[in-house]
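These are my notebook entries on a structure that I consulted for a new reader. Each entry records what I looked up and what I found.

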Amino acid sequence: MGEISHRNTKPLQVNPFKLSQPMGATLAFLGVDRCMPLMHGAMGCTSFTKVYTTRHFCEPIAIQTTAVTDITAILDGGDTSIVESVKNITAKVSPSLIGLHSTGLTETKGDDLRAVAAQVDFPLVYVNTPDYEGGLESGWALATRALIEQLVEPTEAIDDDKVVLLPHVSLTPIEVEKIKEFIAAFGYDVLALPDLSTSLDGHLGEKQAALSSGGIGVEQIRTLGDAGLVVSVGDSMRACAEALQKKNPFMRHRHFSHLSGLEGTDALAAWLLAETGRECPPEAIVRWRRRLQDAMLDGHFSLGQTRVLALGEPDHLTGLCHSLLEAGAKVTVAISTVASPQLERIQGRRVLVGDLEDAENLCDEYDLIVGNGHCEALAHRLHKALVLRGFPNWEEVGNPLKQDVLYEGGAYFLCECANTAEKLRGHG
Amino acid sequence: MATKPKIKELLEESACSHHKTKKTSCNAPTPGATTGGCAFEGAQISLFPYADAAHLVHGPITCLAASWETRATKTSHTGRDFTQMGFTTDIANTDVVFGGEQKLLNAIDYILQHYSPEAIFVYATCVTALIGDDIDAVCRQAAEKYGLPVVPVHAPGFVGSKNLGSRLGGEAALMHLIGTLEPEFTTPFDINLIGEYNVTGDMWQYSHLLDELGIRILSTLSGDGRVRAIRSAHRARLNVIVCAKSLISLTRKMEEKYGIPHISLSFYGKRDTSAGLLAIAEALGDADLIERTKRLIVREEAALEEKLAPYRALFRGKKAVLNTGGNKTWSIAAALQDLGIEVVATAVKKATEADREKAREVLGEKGVLMMNPGAEQARIIEERGAHLLLAGGRSLYTAIKKGIAFADVNQEKKKSYGGYNGLLNLAEDLKNALENPVFKNVAKRAPWEK
Ligand code: SF4
């Protein structure tokens with residue numbers, strides 16, 4: 001449809017909004033109850049990740065580093081620093097799981113995580129996440145797949161009421177909760193992996209959290225194999241669903257590229273109706289669908305004259321663009337952090353893999369920006385309207401409460417975009 | 001010419017007060033029990049405020065993606081502000097296999113063509129240091145081609161802590177910038193400000209006072225800094241280390257090489273600001289200047305006192321517990337005392353020995369120096385009847401549990417607490433915290449809870 005360029009031709013990134021694989025893996029491990037993410041690398045990566053997640057979620061974040069130094073970088077195959085780390089962590093807290101993930105440094109020196117993990121006498125899941133490949137989304141997906149492959153017990157038993165939800169990294173805690181509720185409203189027991197909805201939802205912890213509390217339990221992960229259905233959201237999560245199906249040949253899989261807007265949510269509802277043989281979804285869902293249609297109509301005048309720049313991880317971007325396009329907004333520029341076949345699905349005028357310098361160079365082509373916290377400065381400088389979405393966002397509070405998916409979130413999202421665009425036009 | 005500094009030498013800085021007792025105090029991370037930034041981060045912090053230089057991070061995405069736009073280092077530079085920009089070679093798999101030097105060279109070309117900065121700092125990071133990219137050679141080549149400084153910064157994360165990284169950043173400036181340009185003119189009162197990064201505009205809380213006294217800031221490392229200025233820093237009469245000890249080796253070397261003496265001070269709180277101004281005047285050794293400085297201090301303190309009066313009543317009899325790290329353990333404590341708040345305890349877990357000594361001095365014999373603040377602070381709040389907890393976000397729940405006010409001192413701050421005026425900002429923030437009912441309200445039980 002539009003002009004799609006998937007290759008970044010520049011020798012550098014200028015003002016990147018892309019984030020790293022290890023960071024994505026950390027987030028995934030934070031969605032497991034009482035899990036300690038352990039990043040295998042020099043300490044800076046972990047420190048940066050901690051600051052980022054703490055400020056975005058406004059929550060204390062559990063994470064540790066193997067603290068590789070110039071000496072261990074050369075002499076140690078990872079054995080000492082990892083084994084020592086596990087010893088030091090478990091001396092202080094008692095996690096249910098350690099989530100070991102690598103960085104570019106330890107991948108470059110060629111540490112064999114699998115071999116080292118075998119020496120560790122503690123529940124541990126390991127995953128290779130070099131930061132010179134992929135990004136936030138793939139890091140999250142790789143860690144999720146590792147959780148499945150290394151923890152879930154194979155079985156042939158099936159519980160038809162049990163659904164496993166595999167959300168992509170950009171779904172906020174409240175969005176995961178809403179999707180769980182949506183499916184549960186059709187009579188299912190839903191477990192999300194990873195589950196940030198109960199771990200990073202802005203609850204008032206009574207203690208100083210040294211470990212994540214909330215999230216899916218390790219025991220629950222072990223027994224995910226008997227679920228009758230697995231639902232993956234976002235193309236990055238497809239491989240995870242396949243890994244889960246390998247644990248049980250009778251498990252069925254349904255994939256959604258996104259659950260945004262009318263069409264996206266209709267697809268989920270239609271499938272659930274077909275599965276359950278119900279005529280009609282629960283009343284609340286019916287009402288929210290009407291509200292979304294109403295919001296599309298109410299917002300169409302403003303949105304119809306708004307040209308949008310959308311930025312995000314591929315799975316997130318696809319959903320955002322879809323919502324906006326079906327409500328009549330003109331997505332003139334969509335910029336993704338990394339390449340993904342998902343991008344083909346975006347019906348924007350210009351779809352590219354790039355950075356905020358690209359966004360700046362195309363500044364004549366849009367009025368409203370939808371993107372993460374880095375876009376604040378951009379919008380300010382270029383006098384554009386701004387709706388902050390994605391990770392990280394330090395400019396606003398309440399990130400875990402932002403919901404854009406399903407009929408309900410879609411309605412809120414369109415209203416916010418329309419109002420924001422209108423405000424700028426008014427002052428224009 | 002090898003420009004890699006000798007790490008060991010920097011760690012054993014002879015001018016550090018803890019030098020004798022703890023040789024590698026700045027560089028001993030424990031696997032699985034360590035928090036804190038890496039050397040790369042420290043180097044970037046120390047050089048980043050040069051707003052007219054591009055900062056190019058040679059490494060995979062982690063290093064830069066998570067570090068640009070994270071610090072509010074303000075600048076008065078009127079051109080494009082590069083402190084608000086991030087440049088990275090974002091090396092990929094193929095670069096790791098075949099080397100990233102060509103990509104680095106292309107990236108430098110790109111920056112020079114599109115942004116024309118005064119200089120480029122090129123930061124090595126863990127991966128590019130490990131694969132052995134020769135950034136010295138690339139930088140030299142680019143510097144010759146374009147005729148401007150292209151400075152290699154050798155502080156890959158794995159060599160150590162943030163603090164060491166700051167030293168390495170300073171080292172890079174010393175080796176490649178300082179002394180490469182003559183200033184247009186000099187004055188007898190030229191100083192360099194070292195280790196002030198102008199976070200939230202801290203430097204501007206006192207720079208106008210220096211100005212008024214006729215003291216010229218010849219260059220800074222690197223708050224509101226300019227490349228041209230630091231290149232001529234060797235002509236200053238005095239190096240003033242502001243708060244941070246991390247650049248002490250740089251000032252020692254400048255003393256050896258250029259004969260510039262140095263003093264170390266802080267601009268937090270009323271007493272320290274006054275003492276700092278006077279220390280500069282005295283070090284410059286001009287009787288008239290000292291006299292004028294004394295008069296200025298009297299004037300400023302009087303003006304401050306007048307503005308503080310309404311707060312004083314509110315703060316009378318109030319006690320605070322402070323849980324933070326580094327020099328904040330004592331500098332904020334001193335500022336609190338200036339406001340008439342009694343500091344009953346401060347955390348020294350993350351402080352150097354010099355900072356601990358200083359904290360003891362500031363708090364006096366009765367003050368508690370907490371070695372394990374997470375566990376101790378709740379008890380101390382109770383025992384001493386503290387009204388206010390200043391700490392990082394994690395400790396919020398301690399405050400709620402004890403039903404006292406809380407102020408976050410670790411979050412990347414948005415307001416300056418430096419100088420005389422900064423003290424007013426601090427007073428206002430603390431007043432708001434003390435008056436805010438939220439701490440009591442969130443602690444309230446629900447109707448269905450016992
Ligand atoms: S530890 Fe190394 S790889 Fe990690 S952020 Fe620091 S320099 Fe970059």
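**Entry 1. A helix pair in chain B**

At what angle do helix α5 of chain B and helix α7 of chain B pack, and how many Å apart are their axes? I noted beforehand that the model is a predicted one. Two packed helices are described by the angle between their axes and the distance between the axes. I found an angle of about 30° between α5(B), residues 101–115, and α7(B), residues 135–146, with the axes 10 Å apart. Because angles under 35 degrees count as roughly parallel, I entered α5(B) as roughly parallel to α7(B). I recorded the crossing of α5(B) and α7(B) as right-handed.

I then listed the residues that make this contact. On the side of α5(B) they are Glu101(B), Leu104(B), Leu105(B), Ile108(B), Asp109(B), Leu112(B) and Gln113(B). On the side of α7(B) they are Ile135(B), Val138(B), Gln141(B), Ala142(B), Lys145(B) and Tyr146(B). By class, the contact of α5(B) with α7(B) holds eight nonpolar, two polar and three charged residues.

**Entry 2. Cysteines**

How many disulfides are there over all chains? A disulfide is a covalent bond between the sulfur atoms of two cysteines. I obtained a count of zero over all chains.

I looked up Cys58(A) as one case. The closest cysteine sulfur to that of Cys58(A) belongs to Cys375(A), at 19 Å, and a disulfide requires sulfur atoms within 2.5 Å, so the two are too far apart for a bond. With 45% relative accessibility, Cys58(A) counts as partly exposed. Cys126(B), at 12% relative accessibility, counts as buried.

**Entry 3. Two residues of chain A**

Is Val14(A) buried or exposed? I found 0% relative accessibility for Val14(A), so this residue counts as buried. Val14(A) belongs to strand β2 of chain A, residues 13–14. Beyond its neighbours within four places in sequence, Val14(A) is in contact with Asp355(A), Leu356(A) and Glu357(A), and also with Met85(B), Gly86(B), Phe87(B), Tyr110(B) and Tyr115(B). I also looked up Gly299(A): its C-alpha atom is 34 Å from that of Val14(A), and the two residues are 285 residues apart along the chain.

I turned next to Thr26(A), which sits in helix α1 of chain A, residues 21–30. Its relative accessible area is 0%, so Thr26(A) is buried. Leaving aside neighbours within four places in sequence, I listed Pro37(A), Met39(A), Thr49(A), Ile63(A) and His101(A) as contacts of Thr26(A).

**Entry 4. Backbone angles**

Most residues other than glycine have a negative phi, and most peptide bonds are trans. I therefore looked for exceptions to both patterns.

Which residues does a cis peptide bond join in chain A? I found one between Leu193(A) and Pro194(A), with omega about -15°. Pro194(A) lies in the loop between β8 (189–192) and α9 (218–222) of chain A. In chain B, a cis peptide bond joins Leu221(B) and Ser222(B), with omega about 5°. Ser222(B) is in the loop between β6 (216–221) and α10 (227–231) of chain B.

For positive phi, I noted Arg34(A), with a value near 55°. Arg34(A) is in the loop between α1 and β3 (35–40) of chain A, and at 32% relative accessibility it counts as partly exposed. Asn198(B) also has a positive phi, near 55°. Asn198(B) lies in the loop between β5 (190–194) and α9 (207–213) of chain B, and with a relative accessible area of 0% Asn198(B) is buried.

Notes:
Residues are numbered from 1 along each chain as its sequence is written. Chains are lettered from A and ligands numbered from 1 in the order in which they are written. This is a predicted model: local features need pLDDT of at least 70, side-chain atom pairs count only at pLDDT 80 or more; totals for chains, interfaces and linings use all residues. Side-chain values use heavy atoms; hydrogens and water are left out. Axes are lines fitted to C-alpha atoms, for helices over the stretch in contact, and angles run from 0 to 180 degrees between N-to-C directions. Helices (H or I, at least four residues) and strands (E, at least two) are DSSP runs, numbered from the N terminus. Angles under 35 degrees count as roughly parallel, over 145 as roughly antiparallel, 65 to 115 as roughly perpendicular and the rest as oblique. A crossing is left-handed if the near helix is turned anticlockwise from the far one by less than a right angle, and right-handed if clockwise. Contact means heavy atoms within 4.5 Å. Ala, Val, Leu, Ile, Met, Phe, Trp, Tyr, Cys and Pro count as nonpolar, Asp, Glu, Lys and Arg as charged, and the others, Gly among them, as polar. Buried means under 20% relative accessible area, exposed over 50%, partly exposed in between (1.4 Å probe, protein chains only).
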